[in-house]
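Q: Hi! Could you walk me through this one? I have a few quick things to ask.
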Amino acid sequence: MSQSLLSIQGLKTWFSTEGGIVRAVDGVSFDIQRGETFALVGESGSGKSMTALSIMKLVPQPAGRIESGQILLEGEDLCGLPEVAMRGLRGNRMSMIFQEPMTSLNPVISIGEQIRETLEYHLKLDAKMARARAVDLLDLVGIPDPNRRYDEYPHQISGGMKQRVMIAIALSGEPDLLIADEPTTALDVTIQAQILDLLRRLQKDKGMAILLITHDLGVVSEMADHVAVMYAGEIVEMAERQAFFENPRHPYSQKLLSSLPGNKQRGEALEIIRGTVPALNQVFLGCRFSNRCDNAWERCEKEVPQWHSLETGGVRCHLVDAPEMAREAEKLQENISKTGDVGVSGMDHEKSTLLQVSNLKVHFPVQKGLFKRVVGHVKAVDGVSLKIDPGKTVALVGESGCGKTTVGKAILQLIPQTEGAVVLENTDLSTLSREALRQRRSDFQIIFQDPYSSLNPRMLVGDILKEGVKALKVEQAQDDDTWMDELLDQVGLTPDAKDRYPHEFSGGQRQRICIARVLAVQPKVIICDEPTSALDVSVQAQVLNLLKQLQSTYRLAYLFITHDLSVVDYFADEVAVMYLGRIVEYGSVESVLGNPKHPYTQALLSAVPQVDPKKKRMIIRVEGDLPSPINPPKGCYFHPRCPKSMPVCREEYPDLSVLSPSHETSCFLYSGE
Amino acid sequence: MEFPFQWTLLWTDRMIYLLLVLVVGFGFYVSRKEHLLAPWRQIRRRPFAMSALVLLLFYLSIGLMDSVHFRKQLPMTDTSKALQYDPEVLSLLDVLLEGLKNNVEKTYSAPLATHAFNKQMLEGPDGTKQRIYPRLKYGGAHLVNPETDRWPDLLSRVGERAVFGIGIIVLFYIWVMLVLSQKHQIPPKEMTRKMIRGETETAWRAILLTAGLVFIVVGIAGPLSTKYHLFGTDKVGQDVLYLALKGVRTGLVIGTLTTLVMLPFAIFLGISAGYFRGKIDDAIQYLYTTLSSIPGVLLIAAAVLILQVYMDKNADAFASITERADIRLLFLCLILGVTSWIGLCRMLRGETLKLREMEYVQAAKALGVGNQRIMTHYILPNVMHLVLIAVVLDFSGLVLAEAILSYVGVGVDPAMISWGNMINSARLELAREPVVWWSLTAAFIFMFVLVLAANVFSDAVRDAFDPRLRGR
Amino acid sequence: MITYIIRRVLYAIPILVGVNLLTFILFFVVNTPDDMARLHLGMKRVTPEAIEKWKADHGYDIPVAWNASAEGIQKISETIFFKKSVRLFVFDFGFADDGRNIGADIRERMWPSLAIAMPSLIVGLLVNITVAMLIAFFRASYIDTWGIIVAVGMMSISSLFYIIGGQFLLSKMFRLVPISGYDEGINAVKFLVLPVLVALVGGIGSGTRWYRSIFLEEIGKDYVRTARAKGLAELTVLFRHVLRNALVPILTGVVVVIPLLFMGSLVTESFFSIPGLGSYTIDAINSQDFGIVRAMVFLGSVLYIVGLILTDISYTWVDPRVRLR
């Protein structure tokens, strides 16, 4: 076998913290061949980013250090290299792009300068040549009008553009290896598709290897040649892509794949991985996954599993030695998954709309000039109509900046609406006085995205639960605090949680507390604003299961605001697709996701990376970025990016076309129907 | 039962007692909340911070002793049956330092001197007049032959005390060690080893060493200062050590009461501005921009000048010089508070603007929680760390500011003993030949130790409480 | 940009009105002109005639805010409020108690103030930034630890001691520079060395500590990681990337004081007998000349507001994200 481009042997990167030594990367080995894409997959805290930083020798000093191991770049051990020699390699033979394009570029230096700097340093080009080359690079990564963009600053371009600039910087030294650390996580799906496309194209042209670090199995399935799964600082499984997705060997990989929500699981509970990732400041005596593994038996607790090499990779699991245990476990697991079944909603036929939103508009004034005159409006929400029945879920889907969160807050009357009505059981909430509104507040509640910022860090969980009950004077079944114990039990927490502070809980547990807080006031409709996007896949499944189960118990109605179409597919009854403050397509999940009509919905759907490696999808490319809502394009808002735009699209905004009783869209393609 | 003295409550005394009650109450509250305690635990581990804390507590005890005031009862006279009290207000510290306070020489004398600093025309027993350095009335008065006896006497006194002090300290160390080993269930030998190596959870080594040092210094200086003038005497013959010790209270009062005065305004206005925004925000911003646009020293100067005129006009309202000086001190704290609340207010406004958009505040609003409760239960507890940091950071700056202001002439009352006034009067002494350096040195040492301790401690507090600095 | 400046200038008006009202209340309402006269004439035993004469001499013999005896517009203009406070808006500062024209004095004395404050600021800034940069370069090493310890120690010493110590060492013991005084033109240099040096040494402790924390905050940001991933050397990262970003918070603290440099430093100028505005003010405070103090308060606020506007404008130079509207 020819020499690998990069070979990592027994890499250990440790951090000294106040809680002891954290073994963020604990004995990782893998090889990357020239020109291939090697994906390192794992949940947050698994050590995958630290592995990448270790390769670049950019581990944050002085807390972190490479404890042992070899990093061989074409046979040369980087661990022994002095810092000066490393500089010659960074950005030259290997480059790195990061997760947050928003903060990864220097805000006060023009983007062209930031590329030119690298060129001058590594290729020793003079200023003029470097500039010309930088412009070429901008062009190469698909930035329109590169000559003009050269002098622009990072704040003037969009997130997707920034990531392109990052890629251009990474490419400037013509690297053999590109390390991409969650390159698309902070981006919208349509932009993600563009960036992944770009990476594929560049890889083909330049023949460089890519180390792709991601948590998104869909991205892996689309990009990778080889896959390695990391868990708690170790690689637990390594395989070729095809083999990995068809036949994952490690229980963790299996669980990861099956906990992905989607159409297939509709009506059933999702597979979950119980518990959370163990803390890494300990020495493990057994398998690190054993406390969360359905297959675990005593040996897993007592003996550290060794690496078993298989045809195209390997796995770190005792099951390889003892396949008979797996069968036992499978039986056990079947029992578990049956008991974890959730009730199927949608059984009732009475059609009484619980919440009706009609023509909701939220405009924020834009002030300008000497006396701050209002010169325009940011039309964050520009005429949205929705209705939700009891026990049903309506999903509001759209990319960041489309106004979906504003819709949620406006329904809750947390921000004043400019126009329209929000009718909850025959009362228009926007016409209520402050006091009257306060009394109705127990009926409609909200769950937020970030479980870390949605609980007051200075309040006991018990007080948090009581807060709404006291303010809204909600009657509880019991006078004493036993209702809290029941509530906590319902969301899967123990009663002693009452006397603890939020910071003692993990992200998933916090989200459960948020749900309990909302349930305490016995709402009828809950607005879920991206409740799972900050969580890892396995925890996301836990929370989705809980929400589903509560819905069937209390006939709750959900307005589910999300950007994640697979969650919608699994969870929602109806879906509304939003673009630039307006709903472009609305209908039942089956019709909208199964048979999308609006070109935007089609593009959005096609851009979602699919886990199934066999299903070849046609990506409908959407060019450019979301326009500014201050100044939306004339005519149909989507027409500048629409692959099917017609002359009429430029002139006026299309009316609603009703395709079927459960499917409507605003597009001229269907205006005749 | 009748006491032969009358308890006198000065205004600053009341404020100090109030502050003490607040601090103790806050400490009690914190000690019962695990998550509030965590940052303090971090501070407890840092040796520098704990040494600083010991020094601060030492200063604090001096200041507190100087804050218990009373007036002595005068002997009964036949003419009036009513009890009469001495118009001079004394403090507990004055009683403790009675020797220092009353050992007043004629004029300058150098530290540890037995003779005056200046020659004086004296009439000898035989009637001849000659210019000599006269013997001091108190400094080294017990010596028969000052020229030869002075150093041996000093050395034996210091040595004796030092040995005695170290003995007591070692016993004290052993006692602390035994108590700790009991408490943590660690055998004494192991505990000793841990303490010597500085491996204890609380930085006991630093605490005990500093405390021991303070004890020995006090143990030596205390008795010695009744026989000699350790820091010499000033122009009017006052013992400089006494002046420096009396200056402690002034420094502490300026450093702490100012914050007490400004805190309610800064917190209330800052949070209101950030939370309500709009017109209320505009008004509060206008208020603090206006106040901050006036250069601080000038505003203080103007206010103090006006106060002076006002006090002169109403001179009869004050029973004694001490009370008059005290009111002026309080007013100085007030006006310093007005100029220094702006920074904190602006910071709290900014932080509140951020916090009010936090999801837990939004959630509380959705749950119908009222504005007042959101401000007191959701915003305030989450900005308290900023308030605490600001308070400890401001302290040392205010102590330094007192010196400057007193120099400029708009500080504390000239009759009040303060380091600023000491520096101010000592400034010209440097121009003398030979130089009179001790007043300045004493003020320098006392001030430096306090400010340094405060700075080191506030650094630790900031590191522990500022989430942005975590892990740095 | 222009509209922004205009708006800021307009916004300055209510603030100056506020300052004016505040000083007016402080100086004329809390204490009446009679009290002032009594203070100057030497307390208690003063005849009413002497008070009236003093007031007439200094222009305080008119009503405070409303002149009922005058005609028309003079009802307002013939008052202390109008004459002493409103006139400040046109920079008419009136006369000092000794009869000198305050405006002329200020114009004359601001140059020595500037001559001492400007070099102090520039030298201090350069030295502090360099030292802080060095400490940040060696972060988490012994140099860093000891740098901080020295800085904290130095900032725990009152600036008065630096001045006294500097004068004592350099002037009295080594006789390198004159102890105090001032001269015109190039001769001023020898008088300026010591004050500038003292200001530098006195400010270096807090200065480096403050800049170090700014640098460290910037060093923790993502773009620094990007710059390192490019292979740039640590010094290039610090000077090209970190420093340019750190300039934003540094400017906030520095630009706002530039106009105030005209005002001079009270303490430095009086110690070194520099005939600037600082010593002018301190003399006025000591001789209780309220006219001068009032003028300086007003001037100070004007300069502060100018400083704020300059700060905002300077942001546009260093931070491309800031656009003034």
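Q: How do the residues of the lining of the largest cavity divide into nonpolar, polar and charged?
A: Happy to help! Keep in mind that this is a predicted model. The lining of the largest cavity has ten nonpolar residues, four polar and one charged.

Q: Which residues lie nearest its centre?
A: Those are A:Pro599, A:Cys636, A:Cys642, A:Cys649 and A:Cys667, out of 15 residues that line the largest cavity.

Q: And how much space lies in the largest cavity?
A: About 80 Å³.

Q: How many cavities of 30 Å³ or more does the structure hold?
A: Seven.

Q: Switching to helices: at what angle do the axes of α16 and α17 of chain A cross?
A: At roughly 110 degrees, and the axes come within 11 Å. Helix α16 of chain A covers residues 461-472, and α17 of chain A covers residues 482-490. The crossing angle means α16(A) is roughly perpendicular to α17(A).

Q: Nice. Which residues meet there?
A: From α16(A), A:Gly462, A:Leu465, A:Lys466 and A:Val469; from α17(A), A:Trp483, A:Met484 and A:Leu488. By class, this contact has five nonpolar residues, one polar and one charged.

Q: OK, new topic. How many salt bridges does the structure hold?
A: There are 65 over all chains. One of them joins the side chains of A:Arg288 and A:Asp26, at 2.7 Å from N to O.

Q: Where in the chain do A:Arg288 and A:Asp26 sit?
A: A:Arg288 is in the loop between α11 (251-258) and α12 (298-302) of chain A, while A:Asp26 is in strand β2 (residues 20-32) of chain A. The pair links distant parts of the chain, 262 residues apart.

Methods:
Residues numbered from 1 in each chain as written. Chains lettered and ligands numbered in written order. Predicted model: local features only at pLDDT ≥ 70, side-chain atom pairs only at ≥ 80, totals over all residues. Heavy atoms only, no water. 1 Å grid on protein atoms, 1.4 Å probe; cavity = no way out; pocket = protein on both sides within 12 Å on 5 of 7 lines; lining within 4 Å. Points joined across faces, edges and corners; volume = space filled by probe spheres on them. Nonpolar A, V, L, I, M, F, W, Y, C, P; charged D, E, K, R; others polar. Axes fitted to C-alpha atoms, helices over the stretch in contact; angles between N-to-C directions. Helix = DSSP H or I, 4+ residues; strand = E, 2+ residues; numbered from the N terminus. Parallel < 35°, antiparallel > 145°, perpendicular 65-115°, else oblique. Contact = heavy atoms within 4.5 Å. Salt bridge = Lys/Arg side-chain N within 4 Å of Asp/Glu carboxyl O.
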